[in-house]
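Please open the model in your viewer and keep the whole chain in sight before selecting any single part. The tour goes from the overall fold to one residue and its surroundings.

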Amino acid sequence: MIYLDHAATTPVRHEAIEAMWPYLTGSFGNPSSRHELGDEAARALAWARSEVASVVGCRAGEVVFTSGGTEADNLAIKGIALARPRGRHLVVSPLEHEAVLESAAYLARHHGFAVSEVEVDGGGVVHPSALAAAIRPDTALVSVQLVNNEIGTIEPVAELAAVAHEVGAIMHTDAVQAAGHLDLRIGALDVDAMSLAGHKVGAPKGTGALIVRGRVALEPVLHGGGQERGRRSGTENVAGAVAFATALRLAEAERVDTVARATRQGLALREAVLAGVDGARLTGDADRRLPGTVSFVFPGTSGEAVLLELDRLGVTCSSGSACAAGSSDPSHVLTAIGVPADLAQTAVRFTLGPTTTDAEVADAATAVAHAVSAVRAIVNP
């Protein structure tokens, strides 16, 4: 099997499994308990928090462990908006993950917030001038992804943050797809909050964090015993936090090599598919993109049919965001950048990872040409 769906999830690293194993077995204590087993768990949790903080360049107390990127996005959007008395206006990009868009829609339905979607260009880039046009004096929060999960476009988040801060708005970025590929230091990005997910960097699913500056007020989404300094109640997943911190640290250490390999392999896949498949079109910005994310539309096909044919040929990929699996609607990301709905239905996404080889990339490109040809023969006999 050639696995090219790393943006959906990555294999769990052996180092992460080994790091978490003690906290699933002998060191099983509750970190809130005041005895030796509890103290041992609390120390492990503090170590994990410190490790994550060192990667993103924040204080340990600014790391809130969550069950993943979706919860982190929910906590950021709802928690920051509901705690900000300065205004009831939000700005998001139309390309955001559903966790951001649905959280904003919830605030509009139940709390009277106004939500504006900032304009994007045909490559999916949010330009600072567009954000300046969408922002208002009463804007409480701006949320723009660092990297789009479907088309791989990288946003100029630091420049966008400067625009948001001019009116006193808080800047959040969903950096789930950027971890292990881009610099995550929040000082360099100039953001106030950032969402991360463990299973994109080799930690188990169900792990992640929201990084939120200490000066930012945050209304909890989960209420209870007051864990995570009152920002996220519930007994912490100590083993998961340790695994996440371990995987994130390793991904950061490997980042330069990862980007170099992904740049070479991504370009090879992109050129081979565009040369080998008539009418194939790259989606997303051609230059401002994560190199290991290569997405296409194939006119005259069905993306789901191409996906199934590729699976039969031994290539595992995606027809779009895994979080929207089962939906028959065209990708909201592709339609937002101007791709017609019928063409958006032909989308297929390939995302490379640390285990991808050059030979697999070449074999995958050949398989794509065969799969598209086979589907076109059925759709257009």
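How far apart are the mean positions of the positive and negative charges of the chain? In this predicted model, the mean positions of the 30 positive and the 43 negative charges lie 5 Å apart.

Stay with the whole chain and colour it by secondary structure, which brings out 13 helices and twelve strands. The radius of gyration is 21 Å, close to the 21 Å that the globule rule gives for 381 residues, so the chain is as compact as a globular protein of that length. Taken along the principal axes, the C-alpha atoms fill a box of roughly 70 × 50 × 35 Å.

Switch next to a surface, where the chain exposes about 15,100 Å², with carbon and sulfur atoms supplying 54% of that area. Of the 381 residues, 56% count as buried. Among the contacts with a separation of 6 or more, 73% join residues 24 or more positions apart.

Now select Thr346, which sits in the loop between helix H12 (341-344) and strand E12 (347-351). Is Thr346 buried or exposed? Its relative accessible area is 3%, and because buried means under 20%, Thr346 counts as buried.

Show the side chain of Thr346 and follow its polar atoms: the side chain reaches the backbone oxygen of Leu343 at 2.7 Å, while a polar atom of the side chain also lies 3.0 Å from the backbone nitrogen of Phe298.

Finally, extend the selection to the residues that Thr346 touches beyond four places away in sequence, namely Phe296, Val297, Phe298, Pro299, Thr301, Ser302 and Gly303.

Definitions and conventions
Residues are numbered from 1 along each chain as its sequence is written. This is a predicted model: local features need pLDDT of at least 70, side-chain atom pairs count only at pLDDT 80 or more; totals for chains, interfaces and linings use all residues. Side-chain values use heavy atoms; hydrogens and water are left out. Helices (H or I, at least four residues) and strands (E, at least two) are DSSP runs, numbered from the N terminus. Buried means under 20% relative accessible area, exposed over 50%, partly exposed in between (1.4 Å probe, protein chains only). A polar contact is a pair of N or O atoms within 3.5 Å; within protein, one must be able to donate a hydrogen and the other to accept it, and residues adjacent in sequence count only if both atoms are side-chain atoms. Contact means heavy atoms within 4.5 Å. The radius of gyration is taken over C-alpha atoms; the globule rule is 2.2 Å times the number of residues to the power 0.38. Accessible areas come from the Shrake-Rupley method with a 1.4 Å probe; for residues, only the protein chains shown count as cover. Lys and Arg count as positive and Asp and Glu as negative; His and the chain ends are not counted. The place of a charge is taken as NZ of Lys, CZ of Arg, CG of Asp or CD of Glu.
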